[in-house]
Amino acid sequence: MTDSSRIITSIFADNPIGKLPDHLLIEIFIRVPMSEWVQLSCVKKQWANLFREECLWNAALLRNFPFAGHAKRWPGPIPRGLSKRRYTALYISKHIFSLDTALDENHEIVGHIYLFLKEQLEISIMPTPAGILHGTIIDQFIACGKTRDKAFELASQIWLSVIDNLEENEHTFLLLKRLALEEDVFLPYPYTRSQKVQWRVFEKLFTDFRDCFNHDDYYDVLACAKHKFQPIPSAWVKQPYGWMMPSIGCSSD
């Protein structure tokens, strides 16, 4: 627990004098860094309830992103959502993508699309094919007035960021394997995922998850990699004990 959250906890958690009304607690909490909110919400049930309420998130939204109250709703398939989602999206746009959301209200949509893609990819039952997800992202950016080139650039950045921020667990391994093995469908630009995105999927599989493969799955994914990229890095070719791995089709990079 950091100094600020420790001080707040020591003053207000068990002190009868510190039983402030909710609206005053909200004014205190929204001045604490967002990274400490999870810790604060675990101190008291009352505090946990506050962090689930729309009023706290709306106050935090207006304090940290005052222009957000004047932003217009955008067209397209991905909705804006309530204050908590808007705050999270703006935080992502600012801190992950380094966008100055005060200069362009359309920068908020980048955070929303990041959340949309991450949530869709994490669905474990009947997930939406990656091609459809990418097309939805492109349509959303174009609906917001972005050019085809800008929509493609932003969509690629979002894909890469989501892939890089997935937890290293079995679900992520199965997700990346599914993305790697998903058949390519010919679609016109900008509706096909970039080579950088497809490369990153294989790169994470062959580096972060290389020990998760069984024999058959490894060869299937390796064959797909060789089909899409020639040559492939030699680091992608693993040679576990007892496996006879061919060395053809690999670069020394």
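User: Helices are DSSP runs of H or I with at least four residues, and strands are runs of E with at least two, both numbered from the N terminus. Which pattern does the protein follow when read along the sequence?

Analyst: The model is predicted. In it, the protein has twelve helices and two strands. Read along the sequence, these elements follow the pattern α-α-α-α-α-α-α-α-α-α-α-α-β-β.

User: What share of the contacts in the protein with a separation of 6 or more comes from residues 24 or more positions apart?

Analyst: The protein has 253 residues, and buried residues make up 44% of them. Among contacts with a separation of 6 or more, the share from residues 24 or more positions apart is 61%.

User: Is Val110 buried or exposed, and at what relative accessibility?

Analyst: Val110 has its place in helix α7. Leaving aside residues up to four places away in sequence, Val110 touches Ser93, Phe97, Leu99, Phe141, Leu154 and Ile158. The cut-off for buried is under 20% relative accessible area. Val110 therefore counts as buried, at a relative accessibility of 4%.

User: How far apart are the C-alpha atoms of Val110 and Gln140?

Analyst: Along the chain, Val110 and Gln140 are 30 residues apart. In space, the separation of their C-alpha atoms is 9.9 Å.

User: Which residue forms a salt bridge with Glu119?

Analyst: The structure holds ten salt bridges. In one that joins helix α7 (residues 108–121) to helix α6 (residues 83–95), the partners are 34 residues apart and link distant parts of the chain. Glu119 is partly exposed at 39% relative accessible area, and its partner is partly exposed at 28%. With the closest N and O atoms 2.9 Å apart, the partner of Glu119 is Arg85.

User: What separates the closest N and O atoms in the salt bridge of Lys118 with Glu122?

Analyst: Lys118 is partly exposed, with a relative accessible area of 22%. Glu122 also counts as partly exposed, at 37% relative accessibility. Between the closest N and O atoms of Lys118 and Glu122 the distance is 2.7 Å.

User: Glu182 and Arg178 meet in a salt bridge; is Glu182 buried or exposed?

Analyst: The N-to-O distance in this salt bridge is 3.6 Å. Arg178 is partly exposed, with a relative accessible area of 25%. Buried means under 20%. Glu182 has a relative accessible area of 19%, so its class is buried.

User: Which residues are linked with Asp164 in a network of salt bridges?

Analyst: A salt bridge requires a side-chain nitrogen of Lys or Arg within 4 Å of a carboxyl oxygen of Asp or Glu. The residues linked with Asp164 in such a network are Arg200 and Glu203.

User: Within what arc do the buried residues of α12 fall?

Analyst: The buried residues of α12 are Asp217, Tyr218, Val221, Leu222, Ala225, Lys226 and Lys228. Seen down the axis of α12, these residues line one face of the helix because they fall within an arc of 165°.

User: Which exposed residues lie on the face of α12 turned away from its buried side?

Analyst: What covers the buried residues of α12 includes α10 (170–181), α11 (195–207) and β1 (232–233). The face turned away from the buried side carries the exposed residues Asp216 and His227.

User: Which residue caps the N-terminal end of α12?

Analyst: Helix α12 has 14 residues (215–228), and its end C-alpha atoms are 20 Å apart, in agreement with the expected span of 20 Å. At the N-terminal end, a side-chain oxygen of the capping residue lies 3.2 Å from the backbone nitrogen of Asp216. The capping residue is Asn214.

Technical notes: Residues are numbered from 1 along each chain as its sequence is written. This is a predicted model: local features need pLDDT of at least 70, side-chain atom pairs count only at pLDDT 80 or more; totals for chains, interfaces and linings use all residues. Side-chain values use heavy atoms; hydrogens and water are left out. Buried means under 20% relative accessible area, exposed over 50%, partly exposed in between (1.4 Å probe, protein chains only). The expected span of a helix is 1.5 Å times one less than its number of residues. The arc is that of the directions from the helix axis to the C-beta atoms. Contact means heavy atoms within 4.5 Å. A polar contact is a pair of N or O atoms within 3.5 Å; within protein, one must be able to donate a hydrogen and the other to accept it, and residues adjacent in sequence count only if both atoms are side-chain atoms.
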